[in-house]
Amino acid sequence: MTELELIIDLHKNSDRQGPGSEKDTQKALKFLNLPTDQNLKIADIGCGSGGQTISLAKNLNGQIIAVDLFPEFLNELNEKSQKLGLTDKIVTLEKAMDDLPFNEDEFDLIWSEGAIYNIGFENGLKKWKDYLKVGGYLAVSEITWITQSRPKEIEEFWKAEYPEVDTTANKIRQLENNGYSLVGYFYLSQDSWIETYYKPMQARFETFLKRNDNSELARKVVEDNQAEIDLYQKFKEYYSYGFYVARKNG
Ligand SMILES: C[S@@+](CC[C@H](N)C(=O)[O-])C[C@H]1O[C@@H](n2cnc3c(N)ncnc32)[C@H](O)[C@@H]1O
């Protein structure tokens with residue numbers, strides 16, 4: 001297996017492929033003011049195995065197109081939605097998030113947890129806005145500095161990993177500069193990183209290594225993920241995922 005295949009193998013059986021939780025999805029949903037008597041059209045971009053897609057399907061009336069680049073994650077989501085009887089509400093689509101076959105003004109809601117960074121926050125805001133109806137909502141979580149200053153080590157790490165990392169105020173300004181108005185914001189708690197993402201991932205390390213014959217590459221994947229966890233533990237006061245809920249202006 002390649003390193004990418006191993007990374008998918010480590011993550012595909014989990015509820016979440018990034019920090020976040022059912023509670024966070026519910027909290028973000030509360031900021032929406034959408035008609036309850038209409039069938040909504042919703043996209044969940046970078047859905048992974050669809051932890052949040054299932055919550056959206058249970059809480060909203062309408063159809064969700066759940067998009068991801070990797071069929072392994074979409075297969076997991078399809079299995080879950082079959083078991084839960086949600087196949088009439090969730091359709092999966094294997095596509096790159098910067099090459100979507102959507103129409104202008106098609107969606108009431110675009111959701112994306114922990115995924116917009118793949119094409120860059122501002123690029124995503126611009127590209128996806130066309131697909132939203134005027135008054136439609138964008139709900140995205142994005143890596144964010146939660147303090148005004150921070151130690152050089154973590155600043156340099158994130159600037160190298162993701163140069164668009166920024167403060168909440170600057171992310172909100174980007175939303176406003178691109179034709180959205182913020183309706184709600186919060187950042188993920190430490191539990192949403194540790195309890196619902198990192199601890200379940202660590203619990204899978206052993207079976208993952210066994211399944212992959214303890215290969216050098218599999219060990220590297222575990223080491224890299226453990227290093228990410230250690231970094232979070234050391235610097236968790238300074239960054240999180242900000243959850244931004246905004247409305248497209250007319
Ligand atoms: C950190 S995970 C978040 C997954 C899920 N939303 C969650 O919160 O559990 C990022 C997701 O984006 C997907 N992804 C990465 N690059 C992508 C691209 N260019 N187009 C579509 N999906 C992509 C990955 O496969 C992965 O499922």
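**Figure 1. Lysine 199 and its salt bridge in this predicted model.** Lysine 199 is partly exposed, with a relative accessibility of 43%. Its salt-bridge partner is glutamate 195, and the closest N and O atoms of the two lie 3.0 Å apart. Glutamate 195 is also partly exposed, because its relative accessible area of 38% falls between the limits of 20% and 50%. Both residues belong to helix α8, where a spacing of 4 residues puts about one helical turn between them. In an α-helix there are 3.6 residues a turn, so residues three or four places apart point the same way.

**Figure 2. The salt bridge between glutamate 106 and lysine 41.** In this pair the closest N and O atoms are 2.5 Å apart. The salt bridge connects distant parts of the chain, with the two positions 65 residues apart in numbering. Lysine 41 sits in strand β1 (residues 40–45), while glutamate 106 is in the loop between β3 (90–94) and β4 (107–112). Glutamate 106 is buried, because its relative accessible area of 16% is under 20%. Lysine 41, at 25% relative accessibility, counts as partly exposed.

**Figure 3. Other salt bridges of the structure.** The structure has 15 salt bridges. One of them joins arginine 150 to glutamate 155, with 3.0 Å between the closest N and O atoms. Arginine 150 has a relative accessible area of 15% and is therefore buried. Elsewhere, a network of salt bridges links Glu3, Lys220 and Asp224.

**Figure 4. The tilted ring pair of tryptophan 193 and tyrosine 198 and the surrounding aromatic cluster.** A pair of aromatic rings is described by the distance of the centres and the angle of the planes. The count of aromatic pairs comes to 19. For tryptophan 193 and tyrosine 198, the ring centres are 6.1 Å apart and the planes meet at 45°, so the pair is classed as tilted. Tryptophan 193 is buried at 2% relative accessibility, and tyrosine 198 is buried at 2% as well. Both belong to a cluster held together by ring pairs, whose other members are Phe157, Trp158, Tyr197, Tyr232, Tyr239 and Tyr241.

**Figure 5. The largest pocket and its lining.** The volume of the largest pocket is about 1,400 Å³. Its lining consists of 44 residues, and those nearest the centre are Gln17, Gly114, Tyr117, Asn118 and Tyr197. Tyr197 is also a member of the aromatic cluster. By class, the lining has 25 nonpolar, 10 polar and 9 charged residues. At least two lining residues come from each of α1, α3 (51–59), β2 (62–68), α6 (152–161), α8 (190–211), α9 (216–235) and β8 (239–248). Helix α9 supplies the largest share, 6 residues.

**Figure 6. The second largest pocket.** This pocket contains about 180 Å³ of space. Its lining is formed by Asp15, Arg16, Gly20, Ser21, Glu22, Gly50, Gly51, Ile54, Ser55, Lys58, Lys80 and Thr196. Of these residues, 6 are polar, 5 charged and 1 nonpolar. Helix α3 gives the most to this lining, with 4 residues.

**Figure 7. Helix α3 and its packing.** Helix α3 is largely enclosed by the rest of the structure, because 7 of its 9 residues are buried. The buried residues are Gly51, Gln52, Thr53, Ile54, Ser55, Leu56 and Ala57. They pack against helices α2 and α4 (71–83) and against strands β1, β2, β3 and β4. Among these buried residues, Gly51, Ile54 and Ser55 also line the second largest pocket.

**Figure 8. Surroundings of serine 14.** Serine 14 lies in the loop that runs between α1 (3–11) and α2 (22–29). With a relative accessibility of 7%, against a limit of 20%, serine 14 counts as buried. Leaving aside residues up to four places away in sequence, serine 14 is in contact with Ser49, Lys80 and Arg204. Of these contacts, Lys80 is also one of the residues lining the second largest pocket.

Note on methods
Residues numbered from 1 in each chain as written. Predicted model: local features only at pLDDT ≥ 70, side-chain atom pairs only at ≥ 80, totals over all residues. Heavy atoms only, no water. Buried < 20%, exposed > 50% of the residue type's maximum accessible area, 1.4 Å probe, protein only. Contact = heavy atoms within 4.5 Å. 1 Å grid on protein atoms, 1.4 Å probe; cavity = no way out; pocket = protein on both sides within 12 Å on 5 of 7 lines; lining within 4 Å. Points joined across faces, edges and corners; volume = space filled by probe spheres on them. Nonpolar A, V, L, I, M, F, W, Y, C, P; charged D, E, K, R; others polar. Salt bridge = Lys/Arg side-chain N within 4 Å of Asp/Glu carboxyl O. Phe/Tyr/Trp six-rings, centres within 6.5 Å; stacked < 30°, edge-to-face > 60°.
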